[in-house]
Amino acid sequence: MIKHYPFFIPWALFFKVKLVFLLGNTLTNGKEIYATACQNKRSQTSRGQEAKTSRGLKNASPSLHLPPNKRSSKRHKTNKDKLDTEIFELCMEDVWTCIDLEKMSDYAYFDSLWFNIYTNENDKSNVLRWIKAKKIFTRRYVFVPIVGWGHWSVLVLCNFGETKYLGTEKGPRMLLLDSLKTTKPTRLRAAINRFVVDILKNEEREELEQFINEVELEIPEVPQQSGDDCGIYVLYFIYCFLVIEEMGEDLSKLDALFDPEELKNLEDIRNDIHAYREKRDAKIAE
């Protein structure tokens with residue numbers, strides 16, 4: 001599907017390879033499948049016009065407590081587009097295989113439950129410790145999936161190590177990509193601001209005050225969903241950052257997300273997720 005850069009593996013091909021591997025083993029239920037994949041993952045070292053929100057980090061308030069999201073084997077039989085965190089994590093592992101090996105160190109992503117866990121005061125220190133191990137100040141882009149109120153979006157931390165360019169387009173930026181703006185993504189602003197401030201404090205960054213004063217949450221225009229497929233759109237947004245070179249190099253090129261050829265990957269992602277869900281459920285039912 002990716003015509004721009006033929007050296008990248010199309011989504012449909014690499015997902016099917018992973019699907020055959022996962023479903024060809026002798027695991028007997030979905031929880032075991034996820035536990036194995038999660039263990040392997042955590043062992044690794046791992047424009048439209050942009051609209052900025054009116055308040056930056058300096059107005060961060062105590063974290064918003066999002067409704068709990070649990071990893072469970074419960075299936076969404078009435079809507080195959082609605083992703084649970086188990087399938088999302090497995091799909092993220094596949095998306096990650098798209099990265100050019102020479103650029104692997106430029107990117108990182110957080111577990112899809114970290115942000116939600118962070119909002120619990122008792123667990124905050126654990127999450128901040130896990131994040132520190134990600135070395136986000138050495139990355140060009142860090143992807144933070146957010147799931148709350150039954151909806152997926154993704155926070156992209158951009159160029160956090162480029163502190164000498166603070167206050168410019170080349171410097172640190174925060175983008176919230178949301179495929180359903182009617183959910184009012186600005187309601188996450190306070191929690192995201194506090195999240196980033198706590199990361200900076202935990203890392204003992206000297207630029208803390210500059211970040212607070214100069215880095216604001218941006219909510220750019222992105223393709224919008226028509227159903228309950230917000231999780232699929234999050235995977236698509238991340239996929240595009242990894243494979244479209246012009247977008248990865250310049251945040252002014254976010255309109256590449258609207259490219260008709262790239263949008264075809266949404267259907268590939270959707271179809272393969274449906275196939276995986278059906279085969280996994282059939283295996284569990286055996």
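In this predicted model, the largest cavity has a volume of about 70 Å³. Its lining is made up of 13 residues, and those lying nearest the cavity centre are Gly148, Trp149, His151, Ser153 and Leu188. Two elements, the strands β3 (141-148) and β4 (151-158), each give two or more residues to this lining. The largest share, three residues, is that of β3. By character, the lining of the largest cavity comprises six nonpolar, four polar and three charged residues.

Two of the residues nearest the cavity centre, Trp149 and His151, may be described further. His151 belongs to strand β4. With a relative accessibility of 9%, His151 falls under the 20% limit and therefore counts as buried. The side chain of His151 is engaged in a polar contact with the side chain of Asp178, at 2.9 Å. Trp149, by contrast, is placed in the loop between β3 and β4. Its relative accessibility is 39%, so Trp149 counts as partly exposed. The backbone of Trp149 has a positive phi of about 55°, although the residue is not a glycine.

A positive phi of about 55° is also found at Glu204, again a residue that is not a glycine. Glu204 is located in the loop that runs between α6 (189-202) and α7 (208-214). At 70% relative accessibility, Glu204 lies over the 50% limit and is therefore classed as exposed.

The largest nonpolar core contains 46 residues. Within this core, the residues with the most contacts are Trp96, Phe143, Leu235, Ile238, Phe241 and Leu242. At least two core residues are supplied by each of α3 (85-96), β2 (107-109), β3, β4, β5 (173-177), α8 (230-243) and α10. Helix α8 gives the most, contributing 13 residues to the core. Leu235, one of the core residues with the most contacts, is situated in α8. Leu235 has a relative accessibility of 0% and so counts as buried. Although Leu235 and Met92 are 143 residues apart along the chain, their C-alpha atoms are separated by 7.0 Å.

Met92 is among the buried residues of helix α3, another element that supplies the core. Helix α3 is mostly covered, with twelve of its twelve residues buried. These buried residues include nonpolar side chains such as Ile87, Phe88, Leu90, Val95 and Trp96, together with the charged residues Glu86, Glu89, Glu93 and Asp94. From its first C-alpha to its last, α3 reaches 16 Å, close to the 16 Å expected at 1.5 Å a residue. At the start of α3, a side-chain oxygen of Asp84 comes to within 3.2 Å of the backbone nitrogen of Glu86.

A corresponding description applies to helix α10, which consists of 26 residues (residues 260-285). At 1.5 Å a residue, α10 should span 38 Å, and the distance of 38 Å between its end C-alpha atoms therefore agrees with expectation. At the start of α10, a side-chain oxygen of Asp259 reaches to within 2.8 Å of the backbone nitrogen of Glu261. Helix α10 likewise supplies at least two residues of the largest nonpolar core.

Terms used: Residues are numbered from 1 along each chain as its sequence is written. This is a predicted model: local features need pLDDT of at least 70, side-chain atom pairs count only at pLDDT 80 or more; totals for chains, interfaces and linings use all residues. Side-chain values use heavy atoms; hydrogens and water are left out. Helices (H or I, at least four residues) and strands (E, at least two) are DSSP runs, numbered from the N terminus. The expected span of a helix is 1.5 Å times one less than its number of residues. A polar contact is a pair of N or O atoms within 3.5 Å; within protein, one must be able to donate a hydrogen and the other to accept it, and residues adjacent in sequence count only if both atoms are side-chain atoms. On a 1 Å grid over the protein atoms alone, a cavity is a set of points where a 1.4 Å probe fits but cannot get out, and a pocket is an open set with protein on both sides within 12 Å along at least five of seven lines; lining residues have an atom within 4 Å of a point. Grid points are joined across faces, edges and corners, and a volume is the space filled by probe spheres set on the points. A nonpolar core is a set of buried Ala, Val, Leu, Ile, Met, Phe, Trp, Tyr and Cys residues joined through side-chain atoms within 4.5 Å. Buried means under 20% relative accessible area, exposed over 50%, partly exposed in between (1.4 Å probe, protein chains only).
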